[in-house]
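Here are my notes on the two-chain model you sent over. I've kept them as numbered points so you can follow along with the structure open.

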Amino acid sequence: MTTNREERFTQLVLAHGDVLSRYFARRHRDADAVSVDDLLAEVLAVAWRRFDDLPADAELLFLFGIARNVLANTRRRSGRRAAITSRLRPPGPSPSAELEAIGDLTVRAALAELTPTDREILLLATFEGCDPTECATVLGISTNAASIRLSRAKQHFAAHLHAADPESFPVDVTGAM
Amino acid sequence: MTEPTFDHADALDRLRAADPAAVLAPVSSDRLARFARTAMTPPTSRFTHARYRLVAIGASVTSAAAVMAGILALEATGPALPVLALSSRTVGAAASYAPAAHAMAGDMVIWGSFDITKGQDFTATGGGAPAVELTSGSNSPSSVIAAIAPSVGLSGSITQQDQVSIPGITQSANFIMGDPNAANIQASDQGGTISWSYTASTPPVVTTPAVGGDAAGASTSDAGPAPSDQDAITAARAVLDAANGAALANSGLQIGTPVTTDGSSDVSVQFPILAGGLTTDLVDSVDVGPNGVILSASGTVASVGRSVAYPTISADDAVATITAQAAAQAAQEGATTTTAPSTQTTTDRSGTTAVSPSGVGAGAPLGAAPTPATTPPATTETTAPSDSPPAVATPPVYTVVVDHAVEQYAVNTLADGSTWLLPVWNLDGTSNNGAGTPQTPGWERQVIEIDPQYVNLAPRAITY
């Protein structure tokens, strides 16, 4: 028999599962040896354990926070595995998962120039549609800090895009920010 | 000097256009609902060596305590133990364990005789061990199907299938969810235990996320690499946990360490079922495809019911039992191989003709009128009288060396229809033919460990 709690959790998953799946698809790397489904299942397992802690007005942001931690743990595990296998193969540059997932080489090059923190907030804002306040909730920083970081990330990203493709992205002569 | 500024809008539009998730199909609500159900399923215990040692020690202590309790019970109650009357014909998983003699099936049906010796000394004294009844507890075929369905993404009504009538055999009702010719789950009550199976008739559809931004990479496909062994075990275990539900912990049975077999795009995972720390011949099996999709699965849901302690024979006695059976068979081979087995009609030296069905025994075929022995039958295939003896084929002699004797449990169906785990000696060793060529795989037989006076063996037709 389905309890009310189970029913509410199912509704939560139906409402946000697709968004979470896309969150991981954008950041997933085959080399991580786990699938998007694995990551989603892990997030939902945590969410079920902590279901009573979910804030009613920010459930998705809370889920993003869990997803971020799950992804970080997965990458740490992959990092340990890579540290072992690196003894067997010559060292080389290892692009981040986000960069592997993005096919536009110009965009990929521009993102690669950003710091991980700038890249993270830029993707949250652009792909997941979070405003600075929501980004702040997910990242656990103040709204002011999120605004500053997001503005800086946009500026740097546009600058690097210009460097990579000056004709398509000229300097904004109006100085508009 | 002022830093140059750039148009964010164009840059962010370019970034949005590169969104690797934009080409993904939405995750269906059914699939999300399954994710939700999986998340709400109680977690399985993680395997650790420390936990394994604890479980192993606990099982050993429990097993030893059960044996000691059995011995003490025997001493206290005397010989008034129920005799286990084994069924000669059973339907289902237990059928292959119906014994031909006190030595279990595995049956020496190979034409030839066996020269059996021990490769090492075994224990010469018997002891005691419990025979354990298996029951379905509070489970039914329908409840097991309903429990498994969410774990394999199947839903629908459960119906009872029509049975094919086989004279003399009472068959259990078979229940099914899904299409018999497509994906379905089936279950039936086999003398108290619930046997179940799942089949995904066609490879399930797996949505693969886009990687590298290539739209073509976001495909809906059934192809893909085989899962890792650990992923396959996790997926397989989830199905078994669903099948057994919360009852497993109290069933008296345990799921053992899984064994995996890797295929090109799937991994087969087999879980041995243990009772009191001893291996049984119950095995739950799950075939896992790409992305952890369950391709097929089968198993048994059961709980331990009554437990009766019996005196047991030693491993030495078990080898002696199997040796005696080999000698009996050798004598039988000698008696039957002097008759050409394919001859329907034979005539002895005096010209007397008799009809023998398939050459395996005397007497007329069922339904045929008795034929006077002195009346030639209306057949043209009559062997002419001859002074030459019938052709005699020499059966090969297999040399067997028994190297190991291990206690475990075998499933048996009793004459009353109940299902029991009986303690057996599992004997294995090497075998080669008369030319010294080793046989592959090696030699293996089971001998019921319970003192023969407490086992009533049902006769069974000899089959060659």
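1. First, a word on terms: a contact here means heavy atoms within 4.5 Å. On that basis, residues 24 or more positions apart account for 63% of the contacts in chain A with a separation of 6 or more. For chain B, the corresponding share is 65%. Please keep in mind that this is a predicted model.

2. Chain A is helical: eight helices and zero strands. Read along the sequence, the pattern is α-α-α-α-α-α-α-α. Of the 177 residues in chain A, 44% are buried. The chain exposes about 8900 Å², with carbon and sulfur atoms supplying 54% of that.

3. Now to helix H1 of chain A, residues 4-27. The 24 residues of this helix should span 34 Å at 1.5 Å a residue, and the end C-alpha atoms sit 33 Å apart, so expectation and model agree. Have a look at A:His16 as well, where H1(A) bends by about 50 degrees.

4. Which rings does A:Phe9 join up with in a cluster? Ring pairs link A:Phe9 with A:Trp48 and A:Phe51. Over all chains, the structure holds six aromatic pairs. One of them is A:Phe9 with A:Phe51, an edge-to-face pair at 5.5 Å centre to centre, with 90 degrees between the planes. A:Phe9 belongs to helix H1 of chain A, while A:Phe51 is in the loop between helix H2 (36-49) and helix H3 (59-85), so this pair ties together parts that are 42 residues apart in sequence. Both A:Phe9 and A:Phe51 are buried.

5. Helix H8 of chain A (residues 143-164) passes the length check too: 22 residues at 1.5 Å each should span 32 Å, and the end C-alpha atoms are 31 Å apart, which agrees. The buried residues in H8(A) include A:Ala146, A:Arg149, A:Leu150, A:Ala153 and A:Phe157. Others among them are A:Gln155, A:Ala158, A:Leu161 and A:His162. As background, an α-helix has 3.6 residues a turn, so residues three or four places apart point the same way. What do the buried residues of H8(A) pack against? Within chain A, they pack against helix H5 (105-112), helix H6 (116-126) and helix H7 (132-139). From chain B, helix H1 (8-17) joins in.

6. Chain B has six helices and 21 strands. Of its 464 residues, 36% count as buried. Its accessible surface comes to about 23800 Å², and 57% of this belongs to carbon and sulfur atoms.

7. A few individual spots in chain B are worth clicking on. B:Asn291 is in the loop between strand E13 (278-288) and strand E14 (294-301). Its phi is positive, about 60 degrees, although this residue is not a glycine. For context, most residues other than glycine have a negative phi. Is B:Asn291 buried or partly exposed? It counts as partly exposed, because its relative accessibility is 41%.

8. B:Gly436 is also in a loop, between strand E19 (419-432) and strand E20 (443-448) of chain B. With 44% relative accessibility, B:Gly436 counts as partly exposed. Its C-alpha atom is separated by 8.2 Å from that of B:Thr399, 37 residues apart along the chain. B:Arg237, by contrast, is in helix H5 of chain B (residues 229-244). At 25% relative accessibility, B:Arg237 counts as partly exposed. The C-alpha atoms of B:Arg237 and B:Gln270 are separated by 9.8 Å, with their positions 33 residues apart along the chain.

9. Finally, confidence. Chain B averages a pLDDT of 70, and 62% of the residues score at least 70. Among the elements of chain B, helix H4 (residues 141-152) has the highest mean pLDDT, 90, and strand E16 (residues 345-347) the lowest, 35. Over residues 335-386 of chain B the pLDDT is below 50, and beyond near neighbours in sequence this stretch has 43 contacts in the model. Residues 459-464 of chain B also stay under 50, with 11 contacts beyond four places in sequence. Where pLDDT is low, the predicted coordinates should not be read in detail. For the complex, the predictor gives an ipTM of 0.81 and a pTM of 0.47.

Conventions:
Residues are numbered from 1 along each chain as its sequence is written. Chains are lettered from A and ligands numbered from 1 in the order in which they are written. This is a predicted model: local features need pLDDT of at least 70, side-chain atom pairs count only at pLDDT 80 or more; totals for chains, interfaces and linings use all residues. Side-chain values use heavy atoms; hydrogens and water are left out. Helices (H or I, at least four residues) and strands (E, at least two) are DSSP runs, numbered from the N terminus. The expected span of a helix is 1.5 Å times one less than its number of residues. The bend at a residue is the angle between axes fitted to the seven residues ending there and the seven starting there. Buried means under 20% relative accessible area, exposed over 50%, partly exposed in between (1.4 Å probe, protein chains only). Accessible areas come from the Shrake-Rupley method with a 1.4 Å probe; for residues, only the protein chains shown count as cover. pLDDT is the predictor's confidence in each residue, from 0 to 100. Rings of Phe, Tyr and Trp (its six-membered ring) pair if their centres lie within 6.5 Å; planes under 30 degrees apart count as stacked, over 60 as edge-to-face and the rest as tilted.
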